[in-house]
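Work through the exercises below with the model open. Try each task before reading its solution.

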Amino acid sequence: MSEASKLGCDPMEAAAAEGEAHGAPASPGGPSEAASTSEAAGPDSRPLGPGDAPAASPPPPPPAAAAAAEAGGDEEDPKAPLQAAAAAAAAAAQAQPAPRAGPAAAGPAAAAPPTAAQLVQKAHELMWYVLARQQRRAALWFPDMVRDVLSGGYKKWCRSILRRTSLLLARVFGLHLRLASLHTLEFSLVRALEPAELERVALGAAAGGGPGGAGGRMPMMGLLLMVLGLIYVKGRGARESAVWNVLRILGLRPWKKHPTFGDVRRLLTEELVQQRYLKYQRVPGAEPPEYEFLWGPRAAREITKLQIMEYLARVFKKDPQAWPTRYREALQEARARRAAAPPTPCPRNSFSED
Amino acid sequence: MQGSSRRTGTMTDVHRRFLQLLMTHGVLEEWEVKRLQKHCYKVHDSNAPVEKLEDFIHNINSVLESLYIEIKKGVSEDDGRPIYALVNLATTAVSKMASDFAENELDLFRKALELIIDSETGFASSTNILNVVDQLKGKKMRKKEAEQVLQKFVQNKWLIEKEGEFTLHTRAILEMEQHIRETYPDAVKICNICHGLLIQGQSCETCGIRMHLPCVAKYFQSNSEPRCPNCNDYWPHEIPEVFDPEKETGAALSKPNRKSLRPRPH
């Protein structure tokens, strides 16, 4: 279940606050990313050597090359893009002795690879580091991780260490360490919530007295589901005017400030768009200019059509089959998802390749 | 792979969510922890009976053991309220802070820590702390900056400020007790009752032993003639009341032998 294996996801905005949902992995995105960057990993493998000056050992090119070869074949290999980028980052970010109050991390001896126990220890340190950063809502930047935790000869083992850390985080904390942006090498820690869970949270089943972080997002999810439902029922996109007609029923108007949502219009057209849940674009050819809302890529990933149908059914007190075409679509999508994403955990339970 | 989930205790989504949220908040008081536990049950498994908090936490800790982290329960030194924090046992230094603060800020904290440990009352005045600002490692820090850094420590619950003086937040004690005892073995004070690290407390004027305020409260509870457990001399200080979670408002608790009433640190 290593979330690190889903690193080929679309680069998304780094969710500095806890992301509420994770949902199905974007497996189509994965193979193409790995394939395109594996070539980059080839020539870049040598810079890993100089970047690893303290270790000063010949090993860098062979493991890197082997990894690149592996990346080409194994489309699920998470670290090929990471490694290529790490090579670039290593050259850029000088390994300044970080102001660490030094936990007792005995680096490996000059040419000896670190033992499994040392790798495990590093994984624990990295896990704690990630959690502490997350708590402070500080950015999780890969070069920082390397500088603060994986100093010494550990950088070339970052792959396995990262994998172990993601596994730990998933198993113990139920959090997924996901590469939020391939360009900036930023990670984010998102909650691994089941789709059904998302609905329950979204519809406020856990309302009342929930700790701060969760409380703020719940009403927003309800609003979002409403808008998404409307768009879905309309087919492809919903004109802004239509959306406001619906929201008027809830007492939300574009010009009025709402006690819970604040500036609703801004929420819909800016925040939710930024978070990739919605798309807000101009209707081509409409005069005077009109805008419409569409499903955003993140919504498509995290929220299933069936959920929307159930939600609509609940809201309108109708059977989901009252929208027959849509319902059929939703069933189709559910079937496709089940076929694409096998529910069993990631088979990478052995670390023999390290 | 660590067989942590296969060993003692089973992690369910209830436990995971609990851990996530505890981690987010950093440190929580006991009533908040109970509420959090109920919330996690409601969200994930509303039919299951809510386990007793002690067992619930023990269960989680058995899984965390192999990772060298633990949900630790501590007691605040001033009014005895129980608090919980997720602490990292593996490292001996202030590594949780290390990722959040710059080198000179960490050194400032270290200096403040030393002053607090060496002080008689467990408090270090801001003047004394600011006086060592020139000796800090790393980038040069001005006194104005240092004041702000101290405030940052307070906001992040590493220090507590009271009337211009600083002491350690319970969270800092929970996280760093090990480190402090190892780094300053001669200077640290220990409570005579619980043998834990003591920063604030009462001391016997005759033989010098010290006790935490909540430990004093419990030890001398309903004792009309409190006497020092060591030298049997009359205990000269006002005995605080035992922390009662029912009486949540601060006014209900009698204040210990301090200069004046203090606001709740949390």
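**Exercise 1.** Check the length of helix H13 (residues 305-316) of chain A against its expected span.

*Solution.* Helices are DSSP runs of H or I with at least four residues, and strands are runs of E with at least two, numbered from the N terminus. The expected span is 1.5 Å times one less than the number of residues. For the 12 residues of H13 in chain A, that gives 16 Å. The end C-alpha atoms lie 16 Å apart, so the two values agree.

This is a predicted model: local features need pLDDT of at least 70, side-chain atom pairs count only at pLDDT 80 or more, and totals for chains, interfaces and linings use all residues. Residues are numbered from 1 along each chain as its sequence is written, chains are lettered from A and ligands numbered from 1 in the order in which they are written, and side-chain values use heavy atoms, without hydrogens and water.

**Exercise 2.** Which residues of H13(A) are buried, and what follows the helix?

*Solution.* Buried means under 20% relative accessible area, exposed over 50%, partly exposed in between (1.4 Å probe, protein chains only). The buried residues are A:Gln307, A:Ile308, A:Met309, A:Tyr311, A:Leu312 and A:Ala313. Next comes A:Lys317, with a positive phi near 55 degrees.

**Exercise 3.** Describe the pair formed by A:Tyr280 and A:Phe293.

*Solution.* Rings of Phe, Tyr and Trp (its six-membered ring) pair with centres within 6.5 Å; planes under 30 degrees apart are stacked, over 60 edge-to-face, the rest tilted. Here the centres are 5.0 Å apart and the planes 40 degrees, a tilted pair. A:Tyr280 lies in strand E7 and A:Phe293 in strand E8 of chain A, so the pair ties together parts 13 residues apart in sequence. A:Tyr280 is partly exposed at 22%. A:Phe293 is buried at 1%.
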